[in-house]
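Please brief me on the fold shown here. Start with the chain as a whole, then go through its parts.

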Amino acid sequence: MPTSPSGPVAPADTPSAVTGAGTSAPPPGIVVAVDGPSGSGKSSVSRAAARALGVAFLDTGAMYRAVTFSALRAGVDLADPAAVAAHVRTAALSVGTDPQAPSIAVVDADGTETDVTQQVRGAEVTAAVSAVAAVPAVRADLVLRQRALIEAACAAPAPGARPGVVAEGRDITTVVAPQAHVRVLLTADEAVRLARRAQQDLGAADVASVEAVRRSVSERDRVDARTTAFTAAADGVLTLDSTHLDFEGTVAALLQLVREATGEGA
């Protein structure tokens, strides 16, 4: 079974086992779960927080992008949910959770790993990932893998890392890690989120650039909202509004929430 420093990443054997939030106690170490809409800064802020805490970083969205890349490469009809689910069920991933250099690779049947860390951010995958992520069997499969990675980061951290993980992405606070020590919904006003996404993707946040990303961001959130809840905090989930915060201020605010909840992050 292919593994990463944080644990098993092969296809889950029982994807149907994931329903609801679960009731198990949090694992040892510290688990911080961060959700939020597109452009809220989940990935960059969570990664910086993981570095500050000295724990692993799990970008669950990259896993959905990687299986989408794999499905596209295999010529799977993304309009056929059964075909998509069948492909993802056999698609092994290798997930690197070092916050200094997170990575993701698709693992072929012969064990060959293809690093797709950069490719999964391309336009083709970005346009297709919501369709793949909307398939319930795909979500169930990847939720099991994400839970395994979280548990491994706590039970068997990489050399030099502390037990724990900052995990970010859709469903992370309510389905994947509902027993996390700290659960946060990171949000910001739509205009701010669009400007940040335009700066990230296009290198500029002028009117034309913002309009260029508006449709893709809005459409992705609309499609994702059919299967996940990320616009309002669930019970027990803290809300962090970064509308008036810069990047460093947002990271500091997240670490403050961690410190208040656990005593960590000082």
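**The chain at a glance**

Of the 266 residues in the chain, 49% count as buried, where buried means under 20% relative accessible area, exposed over 50% and partly exposed in between, with a 1.4 Å probe and protein chains only. This is a predicted model, in which local features need pLDDT of at least 70, side-chain atom pairs count only at pLDDT 80 or more, and totals for chains, interfaces and linings use all residues. Residues are numbered from 1 along each chain as its sequence is written, and side-chain values use heavy atoms, with hydrogens and water left out.

- The chain has 9 helices and 10 strands. Helices (H or I, at least four residues) and strands (E, at least two) are DSSP runs, numbered from the N terminus.
- Of the contacts in the chain with a separation of 6 or more, 75% come from residues 24 or more positions apart. A contact means heavy atoms within 4.5 Å.

**The sheet**

- An open sheet is formed by 5 strands in the order 4-8-3-9-10, with parallel pairing. Two strands pair if DSSP finds at least two bridges between them.
- Strand 4 (56-59) and strand 10 stand at the edges with a single partner strand each, so one side of each has no neighbour in the sheet.
- From one strand to the next, the twist averages 20 degrees. Axes are lines fitted to C-alpha atoms, for helices over the stretch in contact, and angles run from 0 to 180 degrees between N-to-C directions.
- Strand 3 and strand 8 are parallel and pair over 5 bridges. Here Val-34 is opposite Glu-168 in strand 8.
- Strand 4 and strand 8 also run parallel, joined by 4 bridges. Ala-56 is opposite Val-165 in strand 8.
- Strand 3 and strand 9 pair over 4 bridges in the parallel sense. Val-32 is opposite Val-182 in strand 9.

**Strand 8**

- Strand 8 is mostly covered, with 5 of its 5 residues buried.
- Gly-164, Val-166 and Glu-168 point one way from strand 8, while Val-165 and Ala-167 point the other way.
- In a regular strand, side chains alternate between the two faces of the sheet.

**Helices over the sheet**

- Helix 1 lies across strand 3, strand 4, strand 8 (164-168) and strand 9. Helix 1 runs at about 170 degrees to strand 8.
- Helix 2 lies across strand 4 and strand 8, at about 45 degrees to strand 4.

**Helix 2 against helix 4**

- The axes of helix 2 (residues 60-73) and helix 4 (residues 123-133) come within 9 Å and cross at roughly 100 degrees.
- That crossing makes helix 2 roughly perpendicular to helix 4. Angles under 35 degrees count as roughly parallel, over 145 as roughly antiparallel, 65 to 115 as roughly perpendicular and the rest as oblique.
- The helix 2 residues in this contact include Tyr-64, Arg-65 and Phe-69, and those of helix 4 include Glu-124, Val-129 and Val-132.
- The residues of this contact divide into 9 nonpolar, 2 polar and 2 charged. Ala, Val, Leu, Ile, Met, Phe, Trp, Tyr, Cys and Pro count as nonpolar, Asp, Glu, Lys and Arg as charged, and the others, Gly among them, as polar.

**Helix 9**

- Helix 9 (residues 247-262) has 16 residues and reaches 23 Å from its first C-alpha to its last, close to the expected 22 Å. The expected span is 1.5 Å times one less than the number of residues.
- Buried residues in helix 9 include Gly-249, Val-251, Leu-254 and Leu-257.
- Their cover includes strand 3 (30-35), helix 1 (42-53), strand 9 (182-187) and strand 10 (238-241).
- Gly-263 follows helix 9 and has a positive phi, near 85 degrees.
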